[in-house]
Amino acid sequence: MSSYGQFCPVAKAMELLDERWTMLVVRELILGSRHFNDLRRGVPRMSPTLLSKRLQTLARAGVIERTDVGGRTSYSLTEAGRELAGVVDALGAWGVRWIGELGDRDLDPHLLMWDIRRTVPVDEWPRTRTVVNFRLSGAPPKASSWWLFVVHGEADVCDFDPGFDPTATVATSLRTLTQIWRGDLSWQQALRERSVTIEAPTDVRRAVPAWIGQSHLAAVPRPA
């Protein structure tokens with residue numbers, strides 16, 4: 001860790017937290033990821049080696065703790081780590097309000113679908129197995145089709161056909177779905193403009209926006 005050489009508490013905190021990817025790893029832990037592979041799904045462009053290094057650094061600093069049970073390693077936030085939840089929320093809200101421009105490199109179907117999966121409002125879904133197939137134009141060919149499904153009250157997502165008949169098919173662009181998820185665009189507006197189409201029976205078509213929802217940061221007020 002490099003030092004700013006200042007006694008200021010902000011400087012001391014940033015000596016730990018402003019290393020590349022560190023706060024995003026903390027974000028993933030706050031959002032509930034506990035295992036290495038789950039963390040990787042939340043930071044898909046981070047190398048496994050660097051993720052291991054950041055986890056070690058955070059553990060040494062007392063922000064996270066590592067537990068090994070039955071040969072499987074899990075990570076959890078300490079009291080110090082949990083206290084960063086307010087910092088992460090504040091950074092996210094500030095980013096929504098003041099950094100609105102999305103470049104093509106910012107559009108990541110893997111992160112988007114993983115983020116949708118882990119916060120999907122399962123209680124809004126039917127009690128029977130339900131599958132939503134997403135077809136995303138503008139995404140790399142190997143990441144342009146996704147299946148989000150809820151079975152026995154548990155949500156999962158995959159980029160290969162799980163063999164279940166889709167209950168609904170959502171066709172849109174990667175950019176549009178990202179904008180909806182962030183709250184830059186509403187489901188209603190996207191459907192009205194036909195930048196999103198939903199193939200399903202009428203009752204299902206009307207329900208899909210509530211099944212998917214939006215990021216919790218979508219509610220952050222934008223500046224006029």
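Helices here are DSSP runs of H or I with at least four residues, and strands are runs of E with at least two, numbered from the N terminus. The model is a predicted one, so local features need pLDDT of at least 70 and side-chain atom pairs count only at pLDDT 80 or more, while totals for chains, interfaces and linings use all residues. Residues are numbered from 1 along each chain as its sequence is written, and side-chain values use heavy atoms, leaving out hydrogens and water.

Start with the largest pocket (an open set of points on a 1 Å grid over the protein atoms alone, where a 1.4 Å probe fits, with protein on both sides within 12 Å along at least five of seven lines; lining residues have an atom within 4 Å of a point). Its lining takes in 41 residues, and L24, R27, D106, L111 and R182 sit nearest the centre. Helix α6 chips in the most, with seven residues. At least two residues each come from α2 (22–30), α6 (85–98), α7 (109–119) and α8 (174–182).

Then there is the sheet, an open one of five strands in the order β5-β4-β3-β6-β7, with mixed pairing (strands pair if DSSP finds at least two bridges between them). At its edges lie β5 and β7 (196–199), each paired on one side only. Further in, β3 (residues 130–137) runs parallel to β6 (residues 168–173) over six bridges, and F134 has V170 of β6 as its bridge partner. Helix α7, which also helps line the largest pocket, packs on the sheet and touches β3, β4 (145–151) and β5 (contact means heavy atoms within 4.5 Å).

Key
Axes fitted to C-alpha atoms, helices over the stretch in contact; angles between N-to-C directions.
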